[in-house]
Amino acid sequence: MSTAALTPSGTVLADLLPAATASRARVRDAALVVGGAALTGLAAQIAVPVPGSPVPVTGQTFAALLVGASLGARRGLLSLALYALAGLAGLPWFAAGTAGAGATFGYIVGMLLAAGLVGALARRGGDRGVLRTAATMAAGTAVIYGVGVPYLALSAHLPLGQAAAVGLVPFLIGDALKAALAMGALPTAWKLAGRRG
């Protein structure tokens, strides 16, 4: 039996967590939002400097996309908004323990928007199959770079082409690997959820 037959259209993985009453659903949703922000903050601590680039390789982009896909658009967006606001307020959980709006803050804004987009696509089944998950992750990644690279160019006073050379090109292979991980993880999670249902 397929997962689609067991779960209604418009469902994301987090919707499968039980909540018997409306008040329990609100508590569950709040915990998911905080948990998604914390996951993103923890993943940001996996940071590897890239020679010649102010942008490190981190786990936060992968976490942000997974948060969006797992929680859905609203909770994913709120989760990344909490992550961004806490970092702006001084909590050192941006890449490598930094805080505040530096040259790479545009990527964080992009992650916030990407979590919303990926969550919306996941509600439409964008995380249920390998190819659909790849397309969903590619769309989210494009949003991250679509905001992050121009912000980097403006804040670091770089021509857009140079900002892309240091803030996009070195990360394409890693992003392909992250997408491959998501392509395996999300459809597998749905299959496991379907077996339990």
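In the predicted model, Ala96 is situated in the loop that joins H4 and H5. The backbone of Ala96 adopts a phi near 60°, a positive value in a residue other than glycine. Ala96 is exposed, its relative accessible area being 53%, and exposure in this analysis requires a value over 50%. A second non-glycine residue with a positive phi is His157, for which the angle is about 55°. His157 is placed in the loop between helix H6 (130-155) and helix H7 (160-167). With a relative accessibility of 72%, His157 is likewise classed as exposed.

Positive phi values also occur at glycines that follow helices. Gly90, just after H4, has a positive phi of about 115°. H5 is followed by Gly125, where phi is positive and near 90°.

The helix that precedes the loop of Ala96 was examined for its length and packing. Helix H4 comprises 16 residues (residues 73-88). At 1.5 Å a residue, a span of 22 Å is expected for H4, and the C-alpha atoms at its ends are 22 Å apart, so the two values agree. The buried residues of H4 are Arg75, Gly76, Ser79, Leu80, Tyr83, Ala84, Ala86 and Gly87. These buried residues pack against three helices, namely H2 (22-44), H3 (60-71) and H5 (105-123).

The helix on the other side of the loop, H5, contains 19 residues. From its first C-alpha to its last, H5 reaches 28 Å, close to the 27 Å expected at 1.5 Å a residue. Gly106 belongs to helix H5 and is buried, with a relative accessibility of 0%. When residues up to four places away in sequence are not counted, Gly106 touches Val147, Gly148 and Tyr151. The C-alpha atoms of Gly106 and Ser155 are 9.2 Å apart, although 49 residues separate the two in sequence. H5 also takes part in the packing of H7: the buried residues of H7 pack against H5 and H6. Within H7, the buried positions are Ala163, Ala164, Val166 and Gly167.

Aromatic contacts were considered next. A pair of aromatic rings is described by the distance of the centres and the angle of the planes. The count for the model is 5 aromatic pairs. One of these is formed by Tyr83 and Trp93, whose ring centres are 5.2 Å apart and whose planes meet at 45°, a tilted arrangement. This pair links distant parts of the chain, with Tyr83 in helix H4 and Trp93 in the loop between H4 and H5, 10 residues apart. Both partners are buried: Tyr83 has a relative accessibility of 0%, and Trp93 has a relative accessible area of 15%.

The pair of Phe105 and Tyr151 has another geometry. Their ring centres lie 6.4 Å apart with the planes at 65°, so the pair is edge-to-face. Because Phe105 lies in helix H5 and Tyr151 in helix H6, the pair ties together parts of the chain that are 46 residues apart in sequence. Phe105 is buried, at 11% relative accessibility, whereas Tyr151 is partly exposed, with a relative accessible area of 29%. Tyr151 is also among the residues touched by Gly106. Taken together, ring pairs join Tyr83, Trp93, Phe94, Phe105 and Tyr151 into a cluster.

The final feature examined was the largest pocket. The volume of the largest pocket is about 370 Å³. Its lining consists of 27 residues, among which Val55, Pro56, Thr58, Gln60 and Thr104 lie nearest the centre. Two or more lining residues are contributed by each of strand E2 (57-58), H3, H5, H6 and helix H8 (172-196). The largest contribution to the lining comes from H5, with 4 residues. In composition, the lining divides into 16 nonpolar, 9 polar and 2 charged residues. H5 thus recurs in several of the features described: H5 contributes to the pocket lining, is packed against by buried residues of H4 and of H7, and holds Phe105 of the edge-to-face pair.

Technical notes
Residues are numbered from 1 along each chain as its sequence is written. This is a predicted model: local features need pLDDT of at least 70, side-chain atom pairs count only at pLDDT 80 or more; totals for chains, interfaces and linings use all residues. Side-chain values use heavy atoms; hydrogens and water are left out. The expected span of a helix is 1.5 Å times one less than its number of residues. Buried means under 20% relative accessible area, exposed over 50%, partly exposed in between (1.4 Å probe, protein chains only). Contact means heavy atoms within 4.5 Å. On a 1 Å grid over the protein atoms alone, a cavity is a set of points where a 1.4 Å probe fits but cannot get out, and a pocket is an open set with protein on both sides within 12 Å along at least five of seven lines; lining residues have an atom within 4 Å of a point. Grid points are joined across faces, edges and corners, and a volume is the space filled by probe spheres set on the points. Ala, Val, Leu, Ile, Met, Phe, Trp, Tyr, Cys and Pro count as nonpolar, Asp, Glu, Lys and Arg as charged, and the others, Gly among them, as polar. Rings of Phe, Tyr and Trp (its six-membered ring) pair if their centres lie within 6.5 Å; planes under 30 degrees apart count as stacked, over 60 as edge-to-face and the rest as tilted.
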